[in-house]
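The following paragraphs lead the reader through a protein chain, from its overall surface to individual residues. Please keep the sequence and the model in view while reading.

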Amino acid sequence: MKKKRVVGAALAVALVVSLCGCGGQDSQQNTTQSTTANSSVNQTTAADSKETTGGTQTIEKPASISWWTHDGLNEADYVKEWDAKFQELTGIQLEHTQVANNEYTELLEVAFASGTEPNVFDVSCDQKVAYYASQGGIADLTDLIKNSELYDKVDPSVWEAISVDGRIYGIPKGEASGIETYVRQDWLDSLGMEAPKNYEEYINMLRAFRDNVEGCTAPVVAPGLHQAMNLPEFYWDAEAGFAYVDGQWVDGMLEENFVGAMQRLQDAYAEKLIDTEVITNTTSACRDKWYSGEVGAFSYWGGKWGDTLTSRLKENFPDAGVVGIEAIDESYYRFSSFTLWCIDGRLPQEQVEQVFHYFLEYINDGDEGQKLYYCGVEGLHFDYDTNGNMVYKNMASSPDNTFQSVWGTPWQAVVPFKEADKVPQPSDIVIDTLEVLNKTGVYMKTTPVSATLNQITSDLTVIRQETIANIVMGKVSVEDGLASYRSQAEALGIQQVLNEMNTK
């Protein structure tokens, strides 16, 4: 795995999580679940349930572990069979609850308020890990991880990226996803142009698309203006959220480099190089514009999405070509925050150790458990070819498409497989996009908790988005817009937020 730099950057998101009595919402909300989650690990007293984990230390095997998921396999794609296979391999019943993705955060909040939270659940490093940790909602796994074989198998930069004040609260679900810029290669070819290597070449490419490509309604499209990862060619090293600079957390919009980012965006928008609907675009709207051949450049997720963006475009334009360009000289690509599998912080330490060993370590063992987690069940999710390699089968829920993942994607595992060449392999397009990301991609550092930020997040987010939109659309100058933002942010208490974030 290529070692990546770590930077701090996160647009504040609304926190609706309440833990340990901090919330008071109705606990009777409906959930789409296959089983009922338990808030404690069920014990087994069988003599053969204890396992030596080094020296004379033994960890008793639990009878069951409760686990929530909200993405990954559809229910029709053999989830019950996967759960049964886990029990067959481990001897542990998995009380697996599938929650609707758009309800997950709220339902997890309700579960904590009612004392029915699962043993294992996922939490984003984008501010939420620190918040859960500060409330005792997730267990501190630092010592367990560092004393396990798992620690040395994971790139040190991953541990650095997910740590909060040097403590580790979970295991990544997989490598963080990153966004890179895709460009219409056939348009470049028709114009006799090469992929841009710097900002000047990038802007000239957009101008050429605007002026010379029939059907081009917008040279570049994006879902909004307030995330640097979606517009890396304009933001460069600036961030529209909190950034970790020289050992301190700062408000990226108050940094000097943000002025240049806003000026570049304002100039490009005035030239009609950026989609005029950028303020209201959703990600699905951007994808639809890309598929319909209206745009020439689009920054979006690497990996599997590189394959999807290419194949879907070619369905409408068989001669179309797509290339994931390397980051321009002045900028770099960004990975999203990691999402961690965490353990319920209310469990006794003995039970935390059980869940860690028999679940988190198992699905990251590089072997049997990891193959089950990423590749699934033989005959249902994959088969073996004549060379003994795993090959994904067609999906039950979508018979014309093959599986590309189960609960994670094999080629984005943070622990290397012992037989990496035997598990399902990515397509050439996926490989190419991941190579592009890894050249300059940076991890986002886990955002620390701030009680004040929890209170003002929604208002601060609105002010940030409105300020950026008004500047880019030319309603105010860059200087006046940022001056207004500073005044409003200070009135909200931004300095107190930074003081709290920088207090160790």
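The accessible surface of the protein chain comes to about 21,200 Å², and carbon and sulfur atoms contribute 44% of that area. These values, like the others below, are computed from a predicted model. The chain has 504 residues, of which 53% count as buried. Its secondary structure consists of 18 helices and 19 strands. Among the contacts with a separation of 6 or more, 76% link residues that lie 24 or more positions apart.

One local element to inspect is a hairpin. Strand β11, residues 242-245, pairs with strand β12, residues 248-251, in the antiparallel sense, and four bridges join the two. Within this pairing, Y244 has W249 of β12 as its bridge partner. Two residues lie between β11 and β12, and in this turn D246 adopts a positive phi of about 50°. In a regular strand, side chains alternate between the two faces of the sheet.

A further residue to locate is D152, which is placed in helix α5, spanning residues 150-153. Is D152 buried or exposed? Its relative accessibility is 69%, and because the cut-off for an exposed residue is over 50%, D152 counts as exposed. D152 also offers an example of two positions separated along the sequence: V415 is 263 residues away along the chain, and the C-alpha atoms of D152 and V415 are separated by 9.3 Å.

Terms used: Residues are numbered from 1 along each chain as its sequence is written. This is a predicted model: local features need pLDDT of at least 70, side-chain atom pairs count only at pLDDT 80 or more; totals for chains, interfaces and linings use all residues. Side-chain values use heavy atoms; hydrogens and water are left out. Two strands pair if DSSP finds at least two bridges between them. Buried means under 20% relative accessible area, exposed over 50%, partly exposed in between (1.4 Å probe, protein chains only). Contact means heavy atoms within 4.5 Å. Accessible areas come from the Shrake-Rupley method with a 1.4 Å probe; for residues, only the protein chains shown count as cover.
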